[in-house]
Amino acid sequence: MVRDADCFGPVVNLAARAAKVARPGAVVVSESIAHTPADDLAFTPLPTTRLKGFDAPVPLFEVARQ
């Protein structure tokens, strides 16, 4: 949902929460992105994390170039 040029919703919330658990300079993505084929990227699973606003733990992955 967009209101006054701001975006709201579960995807935006997930992105904000994932950014908070990322190490400085790291890129963290959700499981759906980590399972997207990418020849030049490696996805390392992070410990399953409980994120504010989500009922179940959320699998997150750190991204690195291969």
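This report walks through the fold, the sheet and three individual residues of a predicted model.

## The overall picture

Let's start with the parts list. The protein has 2 helices and 5 strands. Read from the N terminus, the elements come in the order β-β-α-β-α-β-β. The C-alpha trace spans about 40 × 25 × 25 Å along its principal axes.

How much of the chain is buried? Of the 66 residues, 20% count as buried. The accessible surface adds up to about 5,000 Å², and carbon and sulfur atoms hold 58% of that. Take the contacts with a separation of 6 or more, and 51% of them join residues 24 or more positions apart. As for charge, there are 7 positive and 7 negative charges, and their mean positions lie 9 Å apart.

## The sheet

Next up is the sheet. It is an open one, built from 3 strands in the order β3-β5-β4, with antiparallel pairing. At its edges sit β3 (27-30) and β4 (41-45), each of which pairs on one side only. Going from one strand to the next, the twist averages 40°. What holds such strands together in general? Strands of a sheet pair through backbone hydrogen bonds, in either a parallel or an antiparallel way.

Now for the two pairings, one at a time. On one side, β3 pairs with β5 (residues 60-65) in the antiparallel sense, over 4 bridges. If you want landmarks in the viewer, Val-28 stands opposite Glu-62 of β5, and Val-29 has Phe-61 of β5 as its bridge partner. In the other pairing, β4 and β5 run antiparallel and are joined by 5 bridges. A handy marker there is Ala-42, whose bridge partner in β5 is Ala-64.

## Phe-8 and Val-12

Moving towards the N terminus, find Phe-8 in the loop between β2 (6-7) and α1 (10-21). Is Phe-8 buried, exposed or partly exposed? Its relative accessibility is 41%, so Phe-8 counts as partly exposed, because that class covers values between the 20% limit for buried and the 50% limit for exposed. Leaving aside residues up to four places away in sequence, Phe-8 touches Met-1 and Arg-3. Arg-65 is another story: 57 residues separate it from Phe-8 along the chain, and their C-alpha atoms are 30 Å apart.

Val-12 has its place in helix α1. With a relative accessibility of 35%, Val-12 also falls in the partly exposed class. Where does Met-1 lie relative to Val-12? The two are 11 residues apart along the chain, and 9.6 Å separates their C-alpha atoms.

## His-35

The last stop is His-35, in the loop between α2 (31-34) and β4. Why does His-35 count as exposed? Its relative accessibility is 58%, and exposed means over 50%, so His-35 makes the cut.

His-35 also has a reference point in the sheet. From His-35 to Phe-61 is 26 residues in sequence and 10.0 Å in space, C-alpha to C-alpha. This is the Phe-61 already met as the bridge partner of Val-29.

Methods. Residues numbered from 1 in each chain as written. Predicted model: local features only at pLDDT ≥ 70, side-chain atom pairs only at ≥ 80, totals over all residues. Heavy atoms only, no water. Buried < 20%, exposed > 50% of the residue type's maximum accessible area, 1.4 Å probe, protein only. Contact = heavy atoms within 4.5 Å. Areas by Shrake-Rupley, 256 points an atom, 1.4 Å probe, with all protein chains shown as cover. Lys, Arg positive; Asp, Glu negative; His and termini not counted. Charge placed at Lys NZ, Arg CZ, Asp CG, Glu CD. Pairing = 2+ DSSP bridges. Axes fitted to C-alpha atoms, helices over the stretch in contact; angles between N-to-C directions.
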